[in-house]
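Reader: I would like to learn how to read strands and domains in a structure. Please show me the one we will use.

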Amino acid sequence: MPELPEVETIVRELNEAHVVGKKILKAEVFWNRTVATPEVSKFLQLIENQKILKITRQGKYIVFHLFEGFLLVHLRMTGKFLLSMPSNHERVRIYLEDGQVLHYADQRKFGRFSLVKTLDAIDHIGVDPFSKDFTFESFKALLNAHSRQIKPFLLDQKHICGLGNIYVDEALWEAKIDPQRFSNTLSHEQMHDLFHAIPKVLEKGIENLGTSLGTHRSNYFNVSGKRGGNQYKLNVFRRDKEPCPRCGHIIIKLKVAQRGTHVCPNCQY
Ligand SMILES: [Zn+2]
């Protein structure tokens, strides 16, 4: 599932591909449920002739700023944008002026498009770790306000947005924190380490153009159809039975909040 670094990589690539500033001539929808709102006929009508002013990211959402309103895209499990024709699973096609075509493919079909007038629809999501609102004081207050295991706490997009299973495991390893610890029981020092670990692991993911797990085409790959490289740089995620890069102890895998979780028992317990 694309997390913040993968979505950020896609947004940067869309910007580099000069999609911004172009007018949308028309769109085609091949799987109606991909369009969450408005209904498909209205969506097709409203998106026509809209100019793309800007493309940004908020949490795991891709935000197309249009002349009128916004197109919000959440890729969920397997959604991806491609500038070349995908072999299959294409759900939406956007024709731009000058002949460029943006294809949206999504094997599992969980990704959603919403054409909205305001950004209220994503108001409920928590603070983005790269926004100026993500301060140590606000992070500490959030942790102290909740008595919840730190792993599911970080996965919950209501608190902090953008993190998923991969980067939560990496951040907790980085900060040497047991994923089962309760958020409000962390020491000041642990909160401080975690506050710095979160943007650190995300930045590394962005630098490496995202994490592509496995080799299957349903896994994340970027707009030009290439795999990311961060899977080779992970310290703990899916490294069970391998030595911890920091201390050499064997990494274990367990379930926390029903999610496969990777920890170094020596560094994190
Ligand atoms: Zn270790």
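Author: We can begin with one pair of strands. Strand 7 (residues 90–96) and strand 8 (residues 101–106) pair in the antiparallel sense over five bridges. Note that this is a predicted model.

Reader: What holds such strands together in general, and which residue is the bridge partner of Glu-90 in strand 8?

Author: Strands of a sheet pair through backbone hydrogen bonds, either parallel or antiparallel. Here, Glu-90 has Ala-105 of strand 8 as its bridge partner.

Reader: What is the order of the strands in the open sheet?

Author: The sheet has four strands in the order 1-7-8-6, and their pairing is antiparallel. Strand 1 (24–29) and strand 6 (79–82) are its edge strands, each pairing on one side only. On average, neighbouring strands in this sheet are turned by 15° against each other, direction ignored.

Reader: Which strands form a hairpin?

Author: Strand 3 and strand 4 do, with two residues between them. Gly-59, in the turn, has a positive phi of about 60°. Strand 3 covers residues 52–58 and strand 4 residues 61–66, and they pair in the antiparallel sense over six bridges. Gln-58 stands opposite Tyr-61 of strand 4.

Reader: Where do the domains lie along the chain?

Author: The domain assignment places domain 1 at 4–122 and domain 2 at 136–268. Their centres, taken over C-alpha atoms, are separated by 28 Å.

Reader: How many residues of each domain are in contact with the other?

Author: Domain 1 has 19 residues in contact with 20 residues of domain 2. On the side of domain 1 that touches domain 2, helix 1 (4–16) gives the largest share, eight residues. The residues of that side divide into eight nonpolar, five polar and six charged.

Methods
Residues are numbered from 1 along each chain as its sequence is written. This is a predicted model: local features need pLDDT of at least 70, side-chain atom pairs count only at pLDDT 80 or more; totals for chains, interfaces and linings use all residues. Two strands pair if DSSP finds at least two bridges between them. Axes are lines fitted to C-alpha atoms, for helices over the stretch in contact, and angles run from 0 to 180 degrees between N-to-C directions. Domain bounds come from an automatic or database domain assignment. Two residues are in contact if their C-beta atoms, placed from the backbone, lie within 7 Å. Ala, Val, Leu, Ile, Met, Phe, Trp, Tyr, Cys and Pro count as nonpolar, Asp, Glu, Lys and Arg as charged, and the others, Gly among them, as polar.
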